[in-house]
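Student: I should be grateful for a close look at one part of this model, and at how that part relates to its surroundings.

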Amino acid sequence: MIKKYWLFKSEPEAFSIDDLAKKKKTFWDGVRNYQARNFLRDEIKSGDQVLFYHSNTEPTGVYGICEVVKDGYPDHTAFDPDSHHFDPKSNPQNPAWFMVDIKFVKKFPKPVTLDEIKSNPKLQNMKLLQRGSRLSIQPVTKEEFNVIVTSRK
DNA sequence: GCCAACGTTGGC
DNA sequence: GCCAACGTTGGC
């Protein structure tokens, strides 16, 4: 099985790497974008490595690493009318939205900031840097993953 | 808090 | 199936 690499965005006010460090493991719910959904449903597999990115904070950047521990399965928060992730288009017979489970691996002593990524020639092709890129789940290459991780070793 | 860029919705 | 209106994202 070939391991793949991803970047997951989260607003730390909603869910941060510290929350994950505390919980050790979580389901990544609430993704309501079809492109991201397809990744979750079809491509993200147990064992894949994930960069945990904080958006809408100071500074924005990659704060640590986590690992996928469960392949894509239906996002049950879409079925729950009391959840603010509720979506009437989705139902258990024909789920529209998916999620995976991830576990905490490590938090960087200092985040790899967006500025740092922008100024690293090896990271210029990251989707993150593309104009107006809002995708909350995006693939990264093994090389990009390693450049980011080793910059904190 | 602003606002540009983007995805989705819904009228036609 | 077009496209304007709307809501959301996310850097600043």
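In which sense do strand 1 and strand 6 pair, and over how many bridges?

Tutor: Strand 1 and strand 6 pair in the antiparallel sense, over four bridges. This is a predicted model, in which local features need pLDDT of at least 70 and side-chain atom pairs count only at pLDDT 80 or more, while totals for chains, interfaces and linings use all residues. Residues are numbered from 1 along each chain as its sequence is written, chains are lettered from A and ligands numbered from 1 in the order in which they are written, and side-chain values use heavy atoms, without hydrogens or water.

Strands (E, at least two residues) and helices (H or I, at least four) are DSSP runs numbered from the N terminus, and two strands pair if DSSP finds at least two bridges between them. Strand 1 (residues 5-10) also pairs with strand 3 (residues 49-54), in the parallel sense over six bridges. Strands of a sheet pair through backbone hydrogen bonds, either parallel or antiparallel. On the strand 3 side, Phe-8 has Phe-52 as its bridge partner, and Lys-9 has Tyr-53. In strand 6, the partner of Leu-7 is Gln-138.

These pairings belong to an open sheet of six strands, ordered 2-5-4-3-1-6 with mixed pairing. Strand 2 (25-27) and strand 6 are its edge strands, each pairing on one side only.

Six of the six residues of strand 1 are buried, that is, under 20% relative accessible area, with over 50% being exposed and values in between partly exposed (1.4 Å probe, protein chains only). Tyr-5, Leu-7 and Lys-9 lie on one side, and Trp-6, Phe-8 and Ser-10 on the other. Among the elements packed around the strand, helix 2 (residues 34-43) lies across strand 1, strand 4 (61-74), strand 5 (98-113) and strand 6, at about 110° to strand 5. Such angles run from 0 to 180 degrees between N-to-C directions, with axes fitted to C-alpha atoms, for helices over the stretch in contact. Helix 4 (residues 142-150) packs on the sheet and touches strand 1 as well as strands 3, 4, 5 and 6.

Leu-128, in the loop between helix 3 (114-119) and strand 6 (137-140), is in contact with residues including Leu-7, Lys-9, Tyr-53 and Gln-138, contact meaning heavy atoms within 4.5 Å. Leu-128 is buried because its relative accessible area is 10%.

Lys-9 leads from strand 1 to the DNA. A polar side-chain atom of Lys-9 lies 2.8 Å from a phosphate oxygen of DNA strand C, a polar contact, defined as a pair of N or O atoms within 3.5 Å; within protein, one must be able to donate a hydrogen and the other to accept it, and residues adjacent in sequence count only if both atoms are side-chain atoms. A phosphate oxygen of DNA strand C is likewise 2.6 Å from a polar side-chain atom of Lys-118, and another such distance, 2.7 Å, involves a polar backbone atom of Arg-134. The residues surrounding DNA strand C include Lys-9, Tyr-53, Leu-114 and Arg-134, where near means that a heavy atom of the residue lies within 4 Å. Of the atoms of DNA strand C within 4 Å of the protein, 65% belong to sugar or phosphate and the rest to bases.

Key:
Lists of a residue's contacts leave out its neighbours within four places in sequence.
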